[in-house]
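Subject: Structure for you to look at

Hi,

Here is the structure I promised to pass on. Please open it alongside this note, and my findings follow below.

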Amino acid sequence: MLSALRSGSASRAASSSTARVLYRSAASSNTTSYGAGRSMQTSALQHSSKTTLNQPNDPNGPGGLPRFAGRSSMMRLPYTDGDASGLDACFLGVPMDWGTSNRPGTRFGPRSVRCESSMLRPYNTSTGAAPFESLQVADIGDVGVNPYSLPKSVQLIEDFVRRIGNCRPLTIGGDHTTTLPILRALHAIHGTMALVHVDAHSDTEASMYGEDVAHGTTFYRACVEGLIDPTRCTQIGLRGGDYGPGDYAWTRQQGFHMVWASDCWYKSMVPLMETVRNRIGDHPVYLSFDIDALDPSIAPGTGTPEVGGLTTPQALEIIRACRGLNVVGCDLVEVSPPYDVSSMTALTAANLLFEMLCVVPGVKYY
């Protein structure tokens with residue numbers, strides 16, 4: 001089990017500083033540190049399936065392993081194999097694509113995003129966020145989904161997230177069906193939530209091919225089950241063809257705030273996000289980001305690409321504007337490595353997940 005020290009922000013900052021010193025000294029001593037006062041020989045021990053966390057932990061710092069080496073956990077953080085004890089936030093993977101309706105491959109998304117995340121560093125120069133100085137974070141691994149059954153997989157995801165308790169999940173998908181069971185699990189703790197949903201598609205279909213649960217029905221189900229408050233929900237980046245003018249009638253009637261990608265062209269997202277923040281207030285909010293919200297020239301590795309999407313700077317503005325909100329969980333879904341060019345989609349996804357971590361409540365800012 002994990003044993004996290006909770007001795008205040010001052011001791012956390014001191015521990016993190018000590019950890020960085022240990023990382024720098026590791027290069028000359030052929031060791032790698034995973035927390036203050038704790039050092040491991042660069043051997044097979046690095047790839048242990050479980051790491052005990054005794055101090056606020058950083059990803060590998062300068063002087064440690066080169067970025068192409070070491071474990072393939074998110075940001076090369078300690079890996080705890082499903083155990084979120086003592087964690088403030090955690091990364092988890094949902095390797096699933098049997099809820100998708102077009103191109104498959106998102107089952108490989110978590111592995112690809114983790115691999116590309118080795119390029120990330122622990123301090124956000126643009127915003128001043130230093131999440132690892134104030135939060136205990138780890139990669140708790142993947143949900144053991146059932147590749148032969150979507151309903152069973154959905155239940156397995158919900159059960160997994162329920163077990164992590166008050167730890168705030170940052171989920172790496174996986175198709176967008178992933179979000180529904182996470183919302184079900186979080187509803188048991190936080191009640192009805194607000195939603196910031198960034199996507200090319202509304203995902204408010206009542207059913208797909210006669211099935212109630214699929215990646216295109218996620219927010220219909222979340223709404224009718226009372227998991228989200230539609231009057232506090234904003235969907236950003238919507239676009240693509242439809243089957244008729246009434247396709248979004250139900251969604252509008254519920255009170256969803258729908259923002260079309262064409263209304264975002266050539267604009268900063270900051271004014272829009274002021275409206276979104278006012279709409280949410282201090283309500284618990286979940287952030288769900290489908291990578292197909294971005295234009296396919298930026299993020300081609302996805303199952304249902306739509307032209308005319310958002311840009312990467314706009315995505316950063318949306319996520320960074322969530323700072324100060326009561327963010328209870330996040331996900332980044334629909335990365336499909338078989339269609340990814342030079343892993344640019346996965347690299348973008350990894351960066352966006354780090355940005356999400358930076359807006360989790362309790363993050364230290366300089």
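Cys115 is partly exposed, at 43% relative accessible area. Cys223 is buried, at 11%. Keep in mind that this is a predicted model.

How many disulfides does the structure hold? Zero. Take Cys223 as a case. Its closest cysteine sulfur is in Cys233, 7.1 Å away. A disulfide needs the two sulfur atoms within 2.5 Å, so the Cys223 sulfur is too far from that of Cys233 for a bond.

Now the sheet. It is open and has eight strands, with parallel pairing. The order runs β5-β3-β6-β11-β10-β7-β8-β9. Which strands sit at the edges? They are β5 (137–142) and β9 (257–260), and each pairs on one side only. From one strand to the next, the twist averages 15°.

Look inside the sheet at β10 (residues 284–290) and β11 (residues 326–333). These two strands pair in the parallel sense, over seven bridges. One residue pair to find on screen: Asp290 has Val333 in β11 as its bridge partner.

Two helices are worth a look next. Helix α9 (residues 344–358) packs on the sheet. It touches β3 (89–94), β5, β6, β10 and β11. The direction of α9 makes about 175° with that of β11. Helix α4 (residues 179–190) lies across β6 (168–173), β7 (193–198), β8 (228–238), β10 and β11. Relative to β10, α4 runs at about 170°.

Best wishes

Definitions and conventions:
Residues numbered from 1 in each chain as written. Predicted model: local features only at pLDDT ≥ 70, side-chain atom pairs only at ≥ 80, totals over all residues. Heavy atoms only, no water. Pairing = 2+ DSSP bridges. Helix = DSSP H or I, 4+ residues; strand = E, 2+ residues; numbered from the N terminus. Axes fitted to C-alpha atoms, helices over the stretch in contact; angles between N-to-C directions. Contact = heavy atoms within 4.5 Å. Buried < 20%, exposed > 50% of the residue type's maximum accessible area, 1.4 Å probe, protein only.
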